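Colleague: I would like to go through this fold step by step. Could you take my questions one at a time?

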Amino acid sequence: MNTEVTVLYFAKSAELTGVKSEIIRVNSELTSLQLWQELEHKHPKLSAVREQVVLAVRREYVSVGEQVVRLRHGDEVAVIPPLSGG
C-alpha cells in the first residue's frame, strides 16, 4: 500500500536536490535502504552523501540499512547529511 509523506532536505541534501521539501508516494512499509533508494532514484545527486546520511522518521533517527520503516500518511521524513562547522 502506498502512502504520501513529506520529505525534508537539510544542508547538503537540499543543495543537491534543489528543494527543501517535497511530497512523495512510497510503500507504507519498506526498509530504510529502500526508502533511501527511492529518494536517490528521484534525485541521483544524493548519491554524493549516501555513505554519511541519516534519515529521521517522525523525528526518530534511522540508519540507512535493513531496518523496517512503517510510514503513515502525512509522516515527515528528514534527510540529514553530515554537518560541518566550527
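Colleague: How many bridges join β4 to β7?

Modeller: Keep in mind that this is a predicted model. β4 and β7 run antiparallel. Within this pairing, Val54 stands opposite Ile80 in β7. The number of bridges joining β4 to β7 is 4.

Colleague: In which sense do β1 and β7 pair?

Modeller: β1 and β7 are joined over 4 bridges. One residue to look at is Tyr9, whose bridge partner in β7 is Val79. The sense of the β1 and β7 pairing is parallel.

Colleague: Which residues touch the most other members of the largest nonpolar core?

Modeller: In soluble globular proteins, nonpolar side chains tend to be buried together. Here the largest nonpolar core holds 21 residues. The elements that give two or more residues to this core are β1 (2-9), α1 (12-17), β2 (21-27), α2 (32-42), β4 (54-57) and β7 (76-80). The residues that touch the most other members are Trp36, Leu39, Leu71 and Val79.

Colleague: What does Trp36 touch, not counting residues up to four places away in sequence?

Modeller: Trp36 is one of the residues with the most contacts to other core members. Val79, which Trp36 touches, is also the bridge partner of Tyr9. The full list for Trp36 is Leu46, Val49, Arg50, Val53, Leu55, Val64 and Val79.

Colleague: Is Ser32 buried or exposed?

Modeller: Ser32 is found in helix α2. Beyond its neighbours within four places in sequence, Ser32 is in contact with Leu55, Val62, Ser63, Val64, Gly65, Glu66, Gln67 and Val69. Its relative accessible area is 0%, and the cut-off for buried is under 20%. Therefore Ser32 is buried.

Colleague: How far from a polar atom of the Ser32 side chain does the backbone oxygen of Ser63 lie?

Modeller: Ser63 is among the residues in contact with Ser32. Here one partner is a backbone oxygen, and the other is a polar atom of a side chain. The distance is 2.7 Å.

Colleague: Is Thr31 buried or exposed?

Modeller: Thr31 lies in strand β3 (residues 29-31). Leaving out residues up to four places away in sequence, Thr31 touches Gly65, Glu66, Gln67, Val68 and Val69. Its relative accessibility is 13%, and buried means under 20%. So Thr31 counts as buried.

Colleague: How many residues apart are Glu15 and Lys12?

Modeller: Glu15 and Lys12 form a salt bridge, with the closest N and O atoms 3.3 Å apart. Glu15 is exposed at 57% relative accessible area, and Lys12 is partly exposed at 36%. Both lie in helix α1, about one turn of the helix from each other. The separation is 3 residues.

Colleague: Why does the pair of Lys42 and Glu22 tie together parts apart in sequence?

Modeller: The side chains of Lys42 and Glu22 meet in a salt bridge (3.9 Å, N to O). The pair ties together parts that are 20 residues apart in sequence, because Lys42 lies in helix α2 and Glu22 in strand β2.

Colleague: Which residue forms a salt bridge with Arg50?

Modeller: The closest N and O atoms of this pair are 2.4 Å apart. Arg50 lies in the loop between α2 and β4, and its partner lies in helix α2, so the pair ties together parts that are 10 residues apart in sequence. Arg50 counts as partly exposed at 37% relative accessibility, whereas the partner counts as buried at 16%. That partner is Glu40.

Terms used. Residues numbered from 1 in each chain as written. Predicted model: local features only at pLDDT ≥ 70, side-chain atom pairs only at ≥ 80, totals over all residues. Heavy atoms only, no water. Core = buried A, V, L, I, M, F, W, Y, C linked by side-chain atoms within 4.5 Å. Buried < 20%, exposed > 50% of the residue type's maximum accessible area, 1.4 Å probe, protein only. Contact = heavy atoms within 4.5 Å. Polar contact = N/O pair within 3.5 Å; in protein donor to acceptor, adjacent residues only side chain to side chain. Pairing = 2+ DSSP bridges. Salt bridge = Lys/Arg side-chain N within 4 Å of Asp/Glu carboxyl O.
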